[in-house]
Amino acid sequence: MKYKERKTEGNDSAAMRFVLLGFSDLPQLQGVLFVVFSIMYVIILIGNSLIIIITRLDIALQKPMYFFLANFSFLEICYVSVTLPRILVDLWTQDRSISMLDCATQMCFILLLGATECFLLAVMAYDRYVAICNPLHYPLIMNPKMCIQLAVGSWVSGIPVQIAQTCQIFSLHFCGCNQINHFFCDIPPILKLACGDTSAHEASVYVVAMLFVAVPFVLILASYSKIISTILRLPAARGRAKVFSTCSSHLLVVLLFFGSGTITYLRPKSSHSAGTDRLLSLFYTIVTPMFNPMIYSLRNKDVIAALRKLVLKK
């Protein structure tokens, strides 16, 4: 299906609509993509829901590490639910139009949940740092009150900044093509539709990205540098392997999420291409949340044991 390009003279009406091109360049694969994304969505919902359920029901998992893991799994469900249902509707109906308000709302939630994920991954790294580098003080430092404060802080810290950034981006004038060459309303493709000089807005995007991506990533690196130095001082090789296994899952998730997210938001506007942006966005919005439960469960004996108990009870 071909989509009519519409020229607009600024944001004259709140009813202005964009067109999410998504995967319209693959007309012969629309049905296949619908089935594939539907299966991925179900896997994400089931996998992350299981993590939440077992961390609530199993006494052995009543620890700060698994409290944060449950928060992370719920976050992944929310994150994917902002984009995937819209993709499925577009593939099923072939009506890819989206109002400016809906587009702004989707972008705002993506930015908010993305910021939450960055902070939550940093909090999880800090939790591992305290557990490994200060094991005797761990119960005192990571007490229930502290865990709740860290979790709530991760969820709410980005709200004012990301709402302000969304309002700033959608205050631009869109006087050209209304086609968004993406499968959701993301910052780079939206900025491409704006007319006039957007350098100030691009600069603000970089500043916010540095705040919500680079700063948590630096904190994670600092935590893991301390963790690695502590592990290397352990006398037994078996002990080093056991301690590192508790961190390897989290470290892998960090690399997957921050790697794709950093390339997407910290590249210059001139180096953005629609194909690369879509591939990277697929990776950190859909593929990574699908594999996260597998990464955490397959490399964690406590989670595997809890899953077995849950299955045997049934």
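The protein chain exposes about 15,300 Å² (Shrake-Rupley method, 1.4 Å probe; for residues, only the protein chains shown count as cover), and carbon and sulfur atoms supply 71% of that area. Keep in mind that this is a predicted model: local features need pLDDT of at least 70, side-chain atom pairs count only at pLDDT 80 or more, and totals for chains, interfaces and linings use all residues. Residues are numbered from 1 along each chain as its sequence is written, and side-chain values use heavy atoms, with hydrogens and water left out.

**Overall make-up**

- The protein chain has eleven helices and three strands; these are DSSP runs numbered from the N terminus, with helices being H or I over at least four residues and strands E over at least two.
- Going along the sequence, you get the pattern β-α-α-β-α-α-α-α-β-α-α-α-α-α.
- Of the 314 residues in the protein chain, 49% are buried (buried is under 20% relative accessible area, exposed is over 50%, and partly exposed is in between, with a 1.4 Å probe and protein chains only).
- Take the contacts (heavy atoms within 4.5 Å) between residues at least 6 apart in sequence: 79% of them join residues at least 24 apart.

**The sheet**

- Three strands form an open sheet in the order S2-S1-S3, with mixed pairing (two strands pair if DSSP finds at least two bridges between them).
- S2 (97-99) and S3 (179-180) are the edge strands, and each has a single partner strand, so one side of each is left without a neighbour in the sheet.
- S1 (residues 17-20) and S2 run antiparallel and are joined by three bridges.
- On the S2 side, Arg17 has Ser99 as its bridge partner, while Val19 is matched with Ser97.
- S1 and S3 run parallel, with two bridges between them.
- Val19 turns up here too, with Gln179 as its bridge partner in S3.
- Helix H3 (residues 100-133) lies across S1, S2 and S3 and runs at about 85° to S2 (axes are lines fitted to C-alpha atoms, for helices over the stretch in contact, and angles run from 0 to 180 degrees between N-to-C directions).

**A nonpolar surface patch**

- Phe67, Ile148, Val152, Val156, Ile159 and Ile163 make a nonpolar surface patch of about 460 Å².
- Patch residues have over 30% relative accessible area and no salt bridge; nonpolar side chains (Val, Leu, Ile, Met, Phe, Trp, Tyr) are joined within 5 Å, and like charges within 9 Å.
- A salt bridge here is a side-chain nitrogen of Lys or Arg within 4 Å of a carboxyl oxygen of Asp or Glu.
- Helices H5 (144-156) and H6 (159-169) each supply at least two of the patch residues, and H5 gives the largest share, with three.
- Ile159 lies in H6 and counts as partly exposed, at 34% relative accessibility.

**Long-range neighbours in H9 and H10**

- Val253 sits in helix H9 (residues 237-265) and is buried, with a relative accessible area of 0%.
- Setting aside neighbours within four places in sequence, Val253 is in contact with Phe72, Leu121, Asn292, Ile295 and Tyr296.
- The C-alpha atoms of Val253 and Ile295 are 7.9 Å apart, with the two positions 42 residues apart along the chain.
- Met294 belongs to helix H10 (residues 274-298) and is partly exposed, with a relative accessible area of 33%.
- Met294 and Asn48 are 246 residues apart along the chain, yet their C-alpha atoms are separated by 9.3 Å.
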